[in-house]
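Reader: Could you take me through one part of this model up close? I'd like to hear about the buried interior, starting with any covalent cross-links.

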Amino acid sequence: MFQRLDLRGSNLTRAELTDRLPRAQVDIDAALESVRPIIDRVRAEGASALRSLAETFDGVRPEHLRVPQEELDRAEADLSDELREALLLSIEHNRAGHKAQLPVETQTEIVPGGVVRQRWIPVQRVGLYVPGGLAVYPSSVIHNAVAAQCAGVEDVALASPPQKEFGGLPHPTILAACKLLGISEVYAVGGAQAIAMFAYGAEGEPGTSDPYVLCEPVDVVTGPGNIYVAAAKRAVHGVVGIDAEAGTTEIAIIADQQANPDYVAADLLSQAEHDPAAASVLITHSEEFADTCEAAIVAQAKMTKHSERVRTALSGPQSGIVLVDNLDAAIDVANAYAAEHLEIHTENAAYDAKRIRNAGAIFVGPYTPVPLGDYMAGSNHVLPTGGTARFAAGLNVMAYIKSVQEIEYTSEAMAGMEGPLTALANDEDLPAHGDALAIRTGNYRHGGQREKNVEEQ
């Protein structure tokens, strides 16, 4: 089922190694060309375009683009006790994990009487995207919303694709999770059109129940999605902030001969069931373990509910077993691959985890499978994919917070800076910069006298 990539005995550069590793073939440029007309249409036509695009891509024309409050109430009331308890526990754990990420404001005295305060200010309004597709993701509602709420965002809107089987509304569990989190601004809008709506806002459609302004623009858009959602986020980045271009899920596992092959196989399958394009990669220096693990994968794949989807994902070019010479080489491969999710099943997993530079999230040891992070661990499962973990982080409170410096100097502290500041300003041929201080100290003179007076001080 798995392809094998044997890197033993090779001495590859970083670029060569990155090129050879299993990876989904994603053409973001082609996707950008597809989404730009969608974005332009939403900007020009608002709600009318959103309904027409829903007909095209979701097979339904929503009566209500903004979900009525009574639908949110009904979805929450219809939850089973078991699912309600699970959602509330996930919310509780995520709140604890995300509150711990909040930065602390500081004040630094640069000189006597001159201070710089480091403040952290949440953006005012965010748009959260929760995908539809082959699965239902109330967990993504939680991971997006809890991070924003813990950051202190005042105004939270959420969009998820309309579902034909639910009368043009998002899936009821999505709506129920929104209600549990206190989110009342929910839209039945999916794909690139949702990202466009959040970035530029949208007017209502005349002759419908829409308000004149259906949706106000947001400051930041976050959330996972397919390649078209990722392309749309790239297209609007700069108009709004984004978290990352999160695409189809991926998992990499470093395992040595001490690892449990059944555990590793189960974890590779758990991500493969998301999507036929999902990536599952095993990195090991034990060929014997690779053989045993592959046999376990084949056995478990036969028994899982989405066996056909799993087989497609595991046999695709984005998945495989990578054989290396030793554990050091496995660490190098993992850092080159920069997985969305990285599990470490080695004898000294905690130590080896510290050697990882590039990963969206690191799951340490045999009892920390990725599904814990998907639901209950208290970490965030909206993570960078496609190797972008080299420079991007998973969704966290910082996606919704701006760093702002606040500077305050007394008259005496400012005066003490006049001489050196003037020297720098004159060297840059920006003398008015120095004048801004001189006019406050009484040293300002027309006709070049200021510089002479400062030198004589």
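Author: Let's start with the cross-links: counting a disulfide as a pair of cysteine sulfur atoms within 2.5 Å, the total here is zero. Keep in mind that this is a predicted model, where local features need pLDDT of at least 70, side-chain atom pairs count only at pLDDT 80 or more, and totals for chains, interfaces and linings use all residues. Residues are numbered from 1 along each chain as its sequence is written, and side-chain values use heavy atoms, with hydrogens and water left out.

C150 has no disulfide partner, and its nearest cysteine sulfur belongs to C178, 16 Å away. C150 counts as buried because its relative accessibility is 10% (buried is under 20% relative accessible area, exposed over 50%, partly exposed in between, with a 1.4 Å probe and protein chains only). C215 is unpaired too, with the sulfur of C178 again the nearest, at 14 Å. At a relative accessible area of 1%, C215 is buried.

Now the packing. A nonpolar core here is a set of buried Ala, Val, Leu, Ile, Met, Phe, Trp, Tyr and Cys residues joined through side-chain atoms within 4.5 Å. The largest one holds 37 residues, and V126, L158 and Y400 have the most contacts inside it. Among the elements giving it two or more residues are β4 (125–129) and β5 (155–160), while α6 provides the largest share, eight residues; helices (H or I, at least four residues) and strands (E, at least two) are DSSP runs, numbered from the N terminus.

Zooming in on V126, and skipping neighbours within four places in sequence, its contacts (heavy atoms within 4.5 Å) include A148, V153, V218 and Y400. There's also a second, separate core of 35 residues, with I28, L65, A159 and V229 among them.
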